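Here's a quick tour of one protein model, with a helix pair, some charged pairs and a histidine on the list. Have the structure open and follow along.

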Amino acid sequence: MNALSLLNRLLTRGKFRQLQIVLRVAELGSIQRTANAIGITQSGVTQALAHLEQMLEVKLFERHARGMRPTAACIDLLPVARQLMLGIARGAEIVAARQQRSTGFVRLLASSSAIHGLLVRVLPRFAEAEPSIRVQLDEAEGEDQLLAVARSEVDLAVCRRPAVSPEGWAFYPLLPDRFVVVARYAHPLARVTSVKVADLSDWEWLLLPAGAAAREHFEQIAARFKAEPTGFPVTTRALPMLFWLLQERDLLALLPLSLVAPLLASGQLCQVKANVDLGIEPLGVLAPLQFGEAARKLFDFLQDSTSTM
């Protein structure tokens, strides 16, 4: 059977519940646990799987001593099923927003730096100014953002300027940024009024994984150190772990100012007075050339808010 025939069969005979069942059985590995999780009978789960396998003419699961194991064909289909269910869930959010008399719905995607350095301050104020507009915020970085844009999964993205903007989209800079060296207030360097970059090699560093922009810029300033720096044994992009380690240990880290701005403002971290002089692309909005009224209001609000920061 060719792909077009399968597509037509799915469109006429397929059901959303079948996709949900496939995902849950793959996740839970059990017919019984799946039935309990989604509130139907075990026979209902079995019949739905059998119907889908018959329709696709492919086996999706194999029974074994402890339950159900997805076949190779099923494993290939799982990412597609997840995307479809995610789209259905987001569609439900949009319809629900309309039913609740919302005047609009905005799918907003943002990087960690954009969330911490910009949106934590701006989005609450936007919600107060436009309470009838629902904003769904998701987090993603780099290529994942551009992929979401290409798939038309977002209305606006708050991020750094991409090397090339997707076709039909444009980048609007909002907030300048730079790299800074940070540490906890108990760190000995917190009390030093001026620190030579060469002397930063005397201290232990919390590093991001290779490939991260902050790691690449760290390598640039490390070339000016008087000795090879010592790196903490844990490298991570996970912000809760990064921030916890910085607050609990005498570590230094090179991070975007936008990312650590809330922690600097609250006194949880301090900026080490070392002139590393490393710029970074500004934060801004990646927006389509044509977009709806709700997204336009958020776009304008972001521009107006950052003009006074």
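H6 passes H10 in a left-handed crossing. Keep in mind as you look that this is a predicted model. H6 covers residues 112-129 and H10 covers residues 257-266, and their axes come within 7 Å, crossing at roughly 50°. That angle falls neither under 35 degrees nor in the 65 to 115 range, so H6 and H10 count as oblique to each other. On the H6 side, the contact is made by Ser112, Ser113, His116, Gly117 and Val120, while H10 brings in Ser258, Leu259 and Pro262. Sort the residues of this H6 with H10 contact by type and you get three nonpolar, five polar and no charged.

Now for the charged side chains. How many salt bridges does the count come to? The count is 12 salt bridges. Here are three of them:

| Pair | Closest N to O | Relative accessibility |
|---|---|---|
| Glu153 and Arg151 | 3.9 Å | Glu153 18%, Arg151 46% |
| Glu281 and Arg161 | 3.3 Å | Glu281 37%, Arg161 38% |
| Lys226 and Asp199 | 3.3 Å | Lys226 53%, Asp199 27% |

Take Glu153 and Arg151, which meet in a salt bridge. Glu153 counts as buried because its relative accessibility is 18%, under the 20% cut-off. Arg151, at 46%, is partly exposed.

The salt bridge between Glu281 and Arg161 links distant parts of the chain: Glu281 is in strand S11 (residues 279-288), Arg161 is in the loop between strand S5 (156-160) and S6, and the two are 120 residues apart. Glu281 is partly exposed, and Arg161 is partly exposed too.

Then there's the salt bridge of Lys226 with Asp199. This pair also links distant parts of the chain, with Lys226 in the loop between helix H8 (213-222) and strand S8 (230-231), and Asp199, 27 residues away, in the loop between S6 and S7. Lys226 counts as exposed because 53% is over the 50% cut-off, whereas Asp199 is partly exposed.

Salt bridges can join up as well: Glu130, Glu293 and Lys297 are linked in a network.

Last stop, His187. You'll find His187 in the loop between strand S6 (169-183) and strand S7 (204-205). Is His187 buried or exposed? His187 is buried, because its relative accessibility is 0%. Setting aside neighbours within four places in sequence, His187 is in contact with Trp203, Asp250, Leu251 and Leu252. Ala148 sits 39 residues from His187 in sequence, and their C-alpha atoms are 41 Å apart in space.

Note on methods:
Residues are numbered from 1 along each chain as its sequence is written. This is a predicted model: local features need pLDDT of at least 70, side-chain atom pairs count only at pLDDT 80 or more; totals for chains, interfaces and linings use all residues. Side-chain values use heavy atoms; hydrogens and water are left out. Helices (H or I, at least four residues) and strands (E, at least two) are DSSP runs, numbered from the N terminus. Buried means under 20% relative accessible area, exposed over 50%, partly exposed in between (1.4 Å probe, protein chains only). Contact means heavy atoms within 4.5 Å. Axes are lines fitted to C-alpha atoms, for helices over the stretch in contact, and angles run from 0 to 180 degrees between N-to-C directions. Angles under 35 degrees count as roughly parallel, over 145 as roughly antiparallel, 65 to 115 as roughly perpendicular and the rest as oblique. A crossing is left-handed if the near helix is turned anticlockwise from the far one by less than a right angle, and right-handed if clockwise. Ala, Val, Leu, Ile, Met, Phe, Trp, Tyr, Cys and Pro count as nonpolar, Asp, Glu, Lys and Arg as charged, and the others, Gly among them, as polar. A salt bridge is a side-chain nitrogen of Lys or Arg within 4 Å of a carboxyl oxygen of Asp or Glu.
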